[in-house]
Amino acid sequence: MQDQVSYKNTLRKIALAADWAAGAMLFVVFAALVAQTAMRYVFGSPLSTSQELATIAFLWLVFWLAGSSIALQHHVRFDILYNALPEQGRRVTSILVNLFYLGVFVWAMPATLEYFMFLELEKTASLAISYQIAFLPYFIFFAVFPLKIAVTILSLLGRDWRESL
């Protein structure tokens, strides 16, 4: 029991750290946009670097949140028919849909990794950051999200499956 409490506390701390990281990314987006606006309209000399920084930080923010902070139940989904099903029907539907998503991620993994390796050759226009760095959160998302799906499938197959619906 003690181990389970410690495990849950560790998960809460990791989730809190992920949320703080997302907040920092949002701050970078905001600061870059404010700097861009000030330089363009106050000083008459726009910065290309701030626009690129805001774009990259926003990309990081979206994939960071999708992969780490937002629970699968809170992702966008069409659930009108799903909510009309009885609990057991929702369980079966969730397992089948998650198996499908897991299969798509596994099927796309080799091509995604190949493209990630190709991105090493390219750099962004203003900041000269490798596209591998710029798109790194997408690839982290691509590695973490299937794990979240697999954990969801396992929890739906377990005794406390109702908590995962």
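**Exercise 1. Decide whether Glu-87 is buried, partly exposed or exposed, and find its salt-bridge partner.**

Solution. Start with the accessibility: Glu-87 has a relative accessible area of 34%. Buried means under 20% and exposed means over 50%, so Glu-87 counts as partly exposed. Keep in mind as you work that this is a predicted model.

Next, look for the partner. A search of the whole structure turns up 1 salt bridge. In that bridge the side chain of Glu-87 meets the side chain of Arg-162, with 2.7 Å from N to O. A pair counts when nitrogen and carboxyl oxygen are within 4 Å.

Finally, place the two ends. Glu-87 lies in helix H4 (residues 87–118), while Arg-162 sits in the segment after helix H6 (136–157), so the bridge ties together parts that are 75 residues apart in sequence.

**Exercise 2. Describe the overall build of the chain, and work out whether it is compact or spread out.**

Solution. First, count the elements: there are 6 helices and 0 strands. Along the sequence this reads α-α-α-α-α-α. The radius of gyration is 20 Å, well over the 15 Å that the globule rule gives for 165 residues, so the chain is more spread out than a compact globule.

Then take the dimensions. The C-alpha trace spans about 60 × 35 × 35 Å along its principal axes. Of the 165 residues, 27% count as buried. The accessible surface comes to about 11,500 Å², and carbon and sulfur atoms hold 70% of that area.

Last, turn to the contacts. Among those between residues at least 6 apart in sequence, 69% join residues at least 24 apart.

**Exercise 3. Compare the end-to-end reach of H2 and of H6 with the expected span of each.**

Solution. Take H2 (residues 48–69). At 1.5 Å a residue, its 22 residues should span 32 Å; the end C-alpha atoms are 30 Å apart, which agrees. H6 has 22 residues too, and its reach of 32 Å from first C-alpha to last is close to the expected 32 Å.

Now list what each helix buries. In H2 the buried residues include Ile-56, Leu-59 and Leu-61. In H6 they include Phe-139, Phe-142, Phe-145, Ile-149 and Ile-153. The buried residues of H6 pack against H2, H4 and H5. A general rule helps when you read such lists: an α-helix has 3.6 residues a turn, so residues three or four places apart point the same way.

One more check inside H2: Phe-58 is found in this helix. With a relative accessible area of 47%, Phe-58 is partly exposed. From Phe-58 to Ser-68 there are 10 residues in sequence and 15 Å in space, C-alpha to C-alpha.

**Exercise 4. Find which residues make the nonpolar surface patch, and which helix gives the largest share.**

Solution. The patch covers about 530 Å² and is made by Phe-27, Val-28, Phe-30, Val-34, Leu-53 and Leu-127. Sort these by element: helix H1 (residues 2–41) gives the largest share, 4 residues. Leu-53 belongs to helix H2. With a relative accessible area of 37%, Leu-53 is partly exposed, and it passes the patch cut-off of over 30%.

**Exercise 5. Say what stands out in the backbone of Ala-128, and where this residue lies.**

Solution. Begin with the torsion: phi is about 55°, a positive value, although Ala-128 is not a glycine. Then locate the residue: Ala-128 is in the loop between H4 and helix H5 (131–134). To finish, its relative accessible area is 46%, so Ala-128 is partly exposed.

Conventions
Residues are numbered from 1 along each chain as its sequence is written. This is a predicted model: local features need pLDDT of at least 70, side-chain atom pairs count only at pLDDT 80 or more; totals for chains, interfaces and linings use all residues. Side-chain values use heavy atoms; hydrogens and water are left out. Patches are made of residues with over 30% relative accessible area and no salt bridge: like charges are joined within 9 Å, nonpolar side chains (Val, Leu, Ile, Met, Phe, Trp, Tyr) within 5 Å. Accessible areas come from the Shrake-Rupley method with a 1.4 Å probe; for residues, only the protein chains shown count as cover. Helices (H or I, at least four residues) and strands (E, at least two) are DSSP runs, numbered from the N terminus. Buried means under 20% relative accessible area, exposed over 50%, partly exposed in between (1.4 Å probe, protein chains only). The expected span of a helix is 1.5 Å times one less than its number of residues. The radius of gyration is taken over C-alpha atoms; the globule rule is 2.2 Å times the number of residues to the power 0.38. Contact means heavy atoms within 4.5 Å.
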